[in-house]
Amino acid sequence: MIKGAFVVILDEENRALMLLRPPWISWGASQWAYPGGKIEKGETPEEAAVRETKEETSLDVFNMREIDAYGQPVKAYYTKDYVGDIRIDFEHDDWKWMTRDEMQSHPLAPGVLDIYNGILNNERS
C-alpha cells in the first residue's frame, strides 16, 4: 500500500535537493532524504508530493514525472521545474544540493542513491 510521496528536485547541474532529517523523527532519523511525506485523506500521491515539498522547502514544483521508487512503499516523482527560495521547516535540520559523489559521503535514507542513479540513467537514454 502506498503511504507517501516524494519529489527528487534536480538543479541545472543535476544536483539533487537533499534535506537532513533530525534525530528525533521516526523515519530516516539523522539521514538525508528527498522532500516528501504522507498522503492525506482525499489527496492523490502527486498532490501530496507537491504539498509536502512546499511545506518542507517553500518551493513550488511542477512538470513532475513519476519514477521508480526502487521498492519503497511510496510514489516517487522528479522534476527540474521549481520556483521559490529554499526555506526548510521544523522537520529538517539542514538542506544541500548534492551530486552523486556528495551523496555517497553522507548518511542517506533507504533508496536515495538508487533513485538518483535511476533518474540520471534515464535522462541519458
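The protein carries 14 positive and 23 negative side chains, and the centres of these two sets sit 3 Å apart. For this tally Lys and Arg are positive and Asp and Glu negative, with His and the chain ends left uncounted; each charge is placed at NZ of Lys, CZ of Arg, CG of Asp or CD of Glu. The model is a predicted one, with local features needing pLDDT of at least 70, side-chain atom pairs counting only at pLDDT 80 or more, and totals for chains, interfaces and linings using all residues. Residues are numbered from 1 along each chain as its sequence is written, and side-chain values use heavy atoms, leaving out hydrogens and water.

As for the fold, there are three helices and nine strands, taken as DSSP runs (H or I, at least four residues, for helices; E, at least two, for strands) and numbered from the N terminus. Their order from that end is β-β-β-β-α-β-β-β-β-β-α-α. The C-alpha atoms fit a box of roughly 35 × 30 × 30 Å along the principal axes.

On packing, 45% of the 125 residues count as buried, meaning under 20% relative accessible area (over 50% is exposed, in between is partly exposed; 1.4 Å probe, protein chains only). Of the contacts (heavy atoms within 4.5 Å) between residues at least 6 apart in sequence, 63% link residues at least 24 apart.

One residue to look at is N14, in the loop between β1 (4–9) and β2 (16–20). With 22% relative accessibility, N14 counts as partly exposed. Its C-alpha atom lies 9.6 Å from that of Y116, 102 residues away along the chain.
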